[in-house]
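Open your viewer and get ready to select residues by number. This short tour says what to pick next and what is there.

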Amino acid sequence: MENVTRLQSQEKYWDIAGIVIGLMGCLAQLTQVVSEWQRSEPATMSLAFVIGYWLVFAFWLAYGLFFKRPAIIVTNSIALLLQSALLMAQL
């Protein structure tokens with residue numbers, strides 16, 4: 001029983017760390033979104049790159065939902081939203 005409690009406690013810390021690190025990645029992504037939306041010239045990123053990462057974030061969101069992993073759900077939901085904004089900036 002003690003091992004189960006310890007494992008659950010460790011999982012909780014890993015989930016928190018995953019959310020913090022994932023949000024740092026989203027912050028970096030946000031800077032690119034802002035840059036692309038402020039740009040009056042053509043987009044600096046290829047459409048294939050933007051769509052490719054959109055698919056990656058969508059997959060990891062589905063994975064997180066399937067396995068009920070909060071860190072994956074939270075960070076990939078935000079990343080997918082930001083990537084959608086990048087996609088709109090491309091079009």
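First, a term for the stops ahead: buried means under 20% relative accessible area, exposed means over 50%, and partly exposed lies in between (1.4 Å probe, protein chains only). This is a predicted model: local features need pLDDT of at least 70, side-chain atom pairs count only at pLDDT 80 or more, and totals for chains, interfaces and linings use all residues. Residues are numbered from 1 along each chain as its sequence is written, and side-chain values use heavy atoms, with hydrogens and water left out.

**Stop 1: glutamate 11 and arginine 69**

Select glutamate 11. Glutamate 11 is partly exposed, at 34% relative accessible area. Now add arginine 69. Arginine 69 is also partly exposed, at 26%. Their side chains meet in a salt bridge, 3.7 Å from N to O. Here a salt bridge is a side-chain nitrogen of Lys or Arg within 4 Å of a carboxyl oxygen of Asp or Glu. Why might such groups meet? Side chains of opposite charge can pair when their charged atoms come close.

Where do the two partners of this 3.7 Å bridge sit? Glutamate 11 is in helix 1 (residues 2-38), and arginine 69 is in the loop between helix 2 (47-67) and helix 3, so the pair ties together parts 58 residues apart in sequence. Helices are DSSP runs of H or I with at least four residues, numbered from the N terminus.

**Stop 2: aspartate 15**

Keep arginine 69 and add aspartate 15. These side chains form a salt bridge too, at 3.0 Å from N to O. This pair links distant parts of the chain: aspartate 15 is in helix 1, 54 residues from arginine 69 in its loop. Is aspartate 15 buried or exposed? Aspartate 15 counts as buried, at 17% relative accessibility. Show Glu11, Asp15 and Arg69 together: they are linked in a network of salt bridges.

**Stop 3: arginine 39 and glutamate 41**

The structure holds three salt bridges. Select arginine 39 and glutamate 41 for another one, with the closest N and O atoms 3.5 Å apart. Arginine 39 is partly exposed at 29%. Glutamate 41 is partly exposed at 48%.

**Stop 4: threonine 75**

Move to helix 3 (residues 70-90) and pick threonine 75. Threonine 75 is buried, with a relative accessible area of 9%. Display the backbone of alanine 71: its oxygen lies 2.7 Å from a polar atom of the threonine 75 side chain. Then look beyond the neighbours within four places in sequence. There, threonine 75 is in contact (heavy atoms within 4.5 Å) with Gly18, Ile19, Gly22, Leu23 and Cys26.

Technical notes. Helices (H or I, at least four residues) and strands (E, at least two) are DSSP runs, numbered from the N terminus. A polar contact is a pair of N or O atoms within 3.5 Å; within protein, one must be able to donate a hydrogen and the other to accept it, and residues adjacent in sequence count only if both atoms are side-chain atoms.
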